[in-house]
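Dear colleague,

I am handing over the structure below, and after it I set out what I found when going through it. Please read the notes with the sequence and the coordinates open beside them.

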Amino acid sequence: PTPSNSQQPTATKTNLYTMEKISNKISETFIPVDEEGAERLEVAGQPVVIYRPKRKVVGMTFLVTAAAMPISKYTSIINALTSADHVVVGIYVNAITLNRQAHRQKAEAIPRIFEELKSEFRVKKYDIVGHSVGGKIALVTAALFDSEQNLIRNIIALDPVDQHPVEFTNDLLKQAMAGGSNDNNSKKSNLSLASSKADITVTFTDCGGIVGKKHHAREIQKKNPTVELVLHRNAGHMVYCDDGGVLSWKALMARGQSADRNDAVKAETLHLIKEKAMKATISGSASGKASGVVAKAKKEWKSAKAELKELGDDAQKKGNAMAGAAKFTSMFRL
């Protein structure tokens, strides 16, 4: 007969409790919970989640997640965009389908989704914010699916991961020195962002771990010098996500454990996203506010820039990071 709970050994009961607790934590973290007002739709054959601003729409931004990361983990980014009167179109990236075909299918779907939505929201161009592999997908969209239309206004790729497969950072010199192969299928080339008219920014955390040393944002920027590089060293790869749930996504990476540094980088990122969105808007309420808000942002930026630039130094982490984060956070109280 199976012993009752009271008869089970203490160690067994403890293990059962621990496993149940871990299971509950994982469930609470991975189950996507939409914000109030979010709309789950299928557009151009793709599932999306749409977040509408409270005022008149003046811009559209696609938000492409990291692999298997619920869209709800980017609520602070969504709020920054909707406060700039952008409608946000969330696109989830499934980790199971991480390959060249899946990446390019997601990238190609973005302009098709835009074509179906642009009339409803009365916008002529769009922006993309992508994180990790979502950042890479955003760059692939610019490289392959916008060269003729030039409909992408702005891209922010947050710590993009150019792996599985490599699209932008193949070592062509090494390949050439090795003599290549007679088999054309084995020869690799890199996608280029040179023809894109979009304003493209990539961030770089130098977090190691899942991001290969030769396939991160800095290497993408080296091969595409028109792209702007923003350094977020000593922050975790998941710093751009919200904690939410029970588990902290920042704790999943070996580096970037400084809460002060992560807070400062998160605040700087929200400022960057909101400023780019406001600059990219067409006529409307947000563009009317943009001049005053951006002017204030620039003033705060100048005073905090020095503090944020060298926060990798241990002597500055505790004091300067908190000051920088506080200054950037204050800009969102509009």
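**What was found**

The secondary structure of the protein chain comes to 9 helices and 8 strands; please keep in mind throughout that this is a predicted model. Of the 334 residues in the protein chain, buried residues make up 48%, and the accessible surface comes to about 16,700 Å², with 53% of that area belonging to carbon and sulfur atoms. When contacts between residues at least 6 apart in sequence are considered, 76% of them join residues that are at least 24 apart.

The part I would look at to begin with is strand 6, which covers residues 152–158. Because 6 of its 7 residues are buried, strand 6 is largely enclosed by the rest of the structure. On one pairing, strand 5 (residues 126–131) runs parallel to strand 6 over 6 bridges, and within that pairing Val-129 has Ile-156 of strand 6 as its bridge partner. Between these two strands the chain passes through helix 4 (residues 133–144), giving a β-α-β crossover that is right-handed. Strand 6 also pairs in the parallel sense with strand 7 (residues 199–204), here over 4 bridges, and Ala-157 finds its bridge partner in Val-202 of strand 7.

Helix 4, the connecting helix of that crossover, has 12 residues and reaches 16 Å from its first C-alpha to its last, which is close to the 16 Å expected at 1.5 Å a residue. Helix 4 is also mostly covered, since 11 of its 12 residues are buried; among them are Val-133, Gly-134, Gly-135, Lys-136 and Ile-137. As background, an α-helix has 3.6 residues a turn, so residues three or four places apart point the same way.

A further residue to inspect is His-232, which lies in the loop between strand 8 (228–231) and helix 7 (259–280). Is His-232 buried or exposed? His-232 has a relative accessible area of 0%, and because buried means under 20%, this residue counts as buried. Leaving aside residues up to four places away in sequence, His-232 touches Thr-203, Phe-204, Thr-205, Tyr-240, Arg-261, Val-265, Glu-268 and Thr-269. Of these contacts, Thr-203 and Phe-204 fall within strand 7 (residues 199–204), while Arg-261, Val-265, Glu-268 and Thr-269 fall within helix 7 (259–280).

With best regards

Conventions: Residues numbered from 1 in each chain as written. Predicted model: local features only at pLDDT ≥ 70, side-chain atom pairs only at ≥ 80, totals over all residues. Heavy atoms only, no water. Buried < 20%, exposed > 50% of the residue type's maximum accessible area, 1.4 Å probe, protein only. Contact = heavy atoms within 4.5 Å. Areas by Shrake-Rupley, 256 points an atom, 1.4 Å probe, with all protein chains shown as cover. Pairing = 2+ DSSP bridges. Right-handed = clockwise from strand over helix to strand, strands pointing away. Expected span 1.5 Å × (residues − 1).
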